[in-house]
Amino acid sequence: MINRRITASAVALTAVGVLAGCSGSDEGKKYDVPKSLCGISLDSGLIDELLPSGSKIDVQEKNPGPSRKRCQVIIDGESAFEVSQEWWPEGDTVVDVAQGVPEVESAVLTDDSDSLLTGTGAVQQARCTSSERPDHVLFITAQVHADGVDDSAAMQELITAYTRAVEGSATCR
């Protein structure tokens, strides 16, 4: 069940994630962290914090349907992280989208209700429209699949930066 809490709770959750220090670590990373996720450029430091150690990295774009674009990061043959862009009918909310994202099961809903966040997942509504998809809203999801990676501060930075980058891309025109 998704809990609705005030932003102060989100700040507290972020502080716990920072203090716990459970984010991905450069120790044991023998691969180069990408500077983009399937065409969306980001500071590689934002991605790095949410990836586990390993030897080989592979980034794959998958489009399971016309209204969904998924970017999967695979470390040593195992899915470690993914972000996706999904167009949902107008009126749907981050809570609706989150029902299909197990990593945000205990998420905190922000006061403005446009994002949900945990240390292993996030859902955020993008502020854009598309002439190809009238009456639809774009949502961005991020999910960590790797064991031992749980960092709400890093997830918040990544989902915000990724969403803003998507809003400035051709996807939102």
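**Close-up views of a predicted model**

**View 1. The hairpin of β5 and β6.** In this predicted model, Asp 76 adopts a positive phi near 50° in the hairpin of β5 and β6, where two residues lie between the strands. The pairing of β5 with strand β6 (residues 78–89) is antiparallel and extends over eight bridges. Within this pairing, Gln 72 is placed opposite Glu 82 of β6.

**View 2. The hairpin of β4 and β5.** Strand β4 (residues 57–65) runs antiparallel to β5, and seven bridges join the two strands. Two residues separate β4 from β5 in this hairpin. Glu 61 has Cys 71 of β5 as its bridge partner. Strand β5 is thus shown with both of its antiparallel neighbours, β4 and β6.

**View 3. The disulfide of Cys 38 and Cys 71.** This link is one of two disulfides in the structure. The sulfur atoms of Cys 38 and Cys 71 lie 2.2 Å apart. The link is right-handed, with 80° about the S-S bond. Cys 38 belongs to the loop between β2 (36–37) and β3 (40–41), whereas Cys 71 belongs to strand β5 (residues 68–75), so the disulfide ties together parts of the chain that are 33 residues apart in sequence. Both Cys 38 and Cys 71 are buried. Cys 71 also takes part in strand pairing, as the bridge partner of Glu 61.

**View 4. The disulfide of Cys 128 and Cys 172.** Cys 128 is joined to Cys 172 by a disulfide with an S to S distance of 2.1 Å. Because the torsion about the S-S bond is about -45°, this disulfide is left-handed. Cys 128 is located in the loop between β9 (121–125) and β10 (136–144) and Cys 172 in the segment after α4 (152–167), so the pair ties together parts that are 44 residues apart in sequence. Cys 128 and Cys 172 are both buried. With bonded cysteines counted along the chain, the disulfides of the protein chain follow the pattern 1-2, 3-4.

**View 5. The largest pocket.** The space in the largest pocket amounts to about 200 Å³. Its lining comprises 15 residues, and those nearest the centre are Pro 66, Gln 85, Trp 87, Arg 133 and Thr 171. Strands β4, β5 and β6 are the elements that each contribute two or more residues to this lining. Sorted by class, the lining of the largest pocket consists of four nonpolar, six polar and five charged residues. The strands named here also appear in the hairpin views, where β4 pairs with β5 and β5 pairs with β6.

**View 6. The protein chain as a whole.** This view sets the preceding details in context. The protein chain contains four helices and ten strands. Along the sequence, these elements follow the pattern β-α-β-β-α-β-β-β-α-β-β-β-β-α. Of the 173 residues of the protein chain, 47% count as buried; the cysteines Cys 38 and Cys 71 and Cys 128 and Cys 172 are among the buried residues. Among contacts in the protein chain with a separation of 6 or more, 58% are accounted for by residues 24 or more positions apart.

Definitions and conventions: Residues numbered from 1 in each chain as written. Predicted model: local features only at pLDDT ≥ 70, side-chain atom pairs only at ≥ 80, totals over all residues. Heavy atoms only, no water. Disulfide = S-S within 2.5 Å. Buried < 20%, exposed > 50% of the residue type's maximum accessible area, 1.4 Å probe, protein only. Pairing = 2+ DSSP bridges. 1 Å grid on protein atoms, 1.4 Å probe; cavity = no way out; pocket = protein on both sides within 12 Å on 5 of 7 lines; lining within 4 Å. Points joined across faces, edges and corners; volume = space filled by probe spheres on them. Nonpolar A, V, L, I, M, F, W, Y, C, P; charged D, E, K, R; others polar. Contact = heavy atoms within 4.5 Å.
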